[in-house]
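Hi,

Here is the model I promised to pass on, with some notes on what turned up in it. Have a look at it first, and then read on.

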Amino acid sequence: MGRTVDILTGKAELCRSIMGALPDWFSEPGVIEASALAVEELPVFGYVEANVVTAMIALKPHLPDTVEIALIATRPDYHGRGAGRHLVDVAERFAHESGARLLTVKTLAPRGRDEPQFEATRRFYDRTGFVRAEVFPKLWHEDHPCLFMVKPLAGMQPGETTL
């Protein structure tokens, strides 16, 4: 069983390390580098097993009522072991503590290709309570349609914390 840590330093290096180990999801060096630079300014949490950060999540607060999962990634050897689910729980707690009522995420929308890794990602979000809200065909690039997903944080009022 792992534990969650608040990542305060080395965020970009951790991001590069984990994303770089996932070429089926993150194959463009420019995307990895842009993500690494972006996470430096965001709250980042890591999931640690046996003194290894096996997964990470970066959160981006928007307005007073929404927190976005800007990045979530797990090292390939640790897929399917619960780190992602655990980090979504961390994101929910962070959102609650921030007074948010929604947790959002963007991922690659189906695009008529055999891409089991992205279908697995969408199913992960479905299982963790996200609703497929809208597809933005050209938000990122015309070859990379964006699926916007939303998770209402049930029973919460603005500024209310129940944890």
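The centrepiece of my notes is an open sheet of seven strands, ordered β1-β2-β3-β4-β5-β7-β6, with mixed pairing. Two strands pair here if DSSP finds at least two bridges between them; strands (E, at least two residues) and helices (H or I, at least four) are DSSP runs, numbered from the N terminus. The edges belong to β1 (3-7) and β6, each with a single partner strand, so one side of each is left without a neighbour in the sheet. On average, neighbouring strands of this sheet are turned by 30 degrees against each other, direction ignored. For angles, axes are lines fitted to C-alpha atoms (for helices over the stretch in contact), and values run from 0 to 180 degrees between N-to-C directions.

Before the details, a word on the ground rules. This is a predicted model, in which local features need pLDDT of at least 70 and side-chain atom pairs count only at pLDDT 80 or more, while totals for chains, interfaces and linings use all residues. Residues are numbered from 1 along each chain as its sequence is written, and side-chain values use heavy atoms, with hydrogens and water left out.

Now along the sheet. Strand β2 (residues 44-49) runs antiparallel to β3 (residues 52-62), and six bridges join them; one pairs phenylalanine 45 with isoleucine 57 in β3. These two strands form a hairpin with two residues between them, and alanine 50 in the turn has a positive phi of about 50 degrees. β3 is also antiparallel to β4 (residues 66-74), this time through eight bridges, with alanine 55 partnered by threonine 74 in β4. That hairpin has three residues between its strands, and leucine 63 in the turn has a positive phi of about 50 degrees.

Further on, β5 (residues 102-108) and β7 (residues 144-152) pair in the antiparallel sense over seven bridges, and leucine 102 has proline 152 of β7 as its bridge partner. β7 also pairs with β6 (residues 131-141), again antiparallel, over six bridges. Histidine 141 is bridged to histidine 144 of β7, and valine 131 to valine 150 of β7. A hairpin of two residues joins β6 to β7.

Next, the helices. α3 lies across β1, β2, β3, β4, β5 and β7, running at about 30 degrees to β3; contact means heavy atoms within 4.5 Å. How do α1 (residues 11-20) and α2 (residues 29-39) cross, and at what angle? Their axes come within 8 Å and cross at roughly 150 degrees. α1 and α2 are therefore roughly antiparallel to each other (angles under 35 degrees count as roughly parallel, over 145 as roughly antiparallel, 65 to 115 as roughly perpendicular and the rest as oblique). From α1, Lys11, Ala12, Cys15, Arg16, Met19 and Gly20 meet Val31, Ile32, Glu33, Ser35, Ala36, Leu37 and Val39 of α2. The residues of this contact divide into eight nonpolar, two polar and three charged; Ala, Val, Leu, Ile, Met, Phe, Trp, Tyr, Cys and Pro count as nonpolar, Asp, Glu, Lys and Arg as charged, and the others, Gly among them, as polar.

One residue to click on is arginine 75, found in the loop between β4 and α3 (83-97). Leaving out residues up to four places away in sequence, arginine 75 touches Leu14, Ser17, Ile18, Val52, Val53 and Thr54. The C-alpha atoms of arginine 75 and alanine 55 are separated by 6.0 Å, although these residues are 20 apart along the chain.

Finally, over residues 5-154 the chain is 32% helix and 37% strand, with the end C-alpha atoms 25 Å apart.

Best wishes
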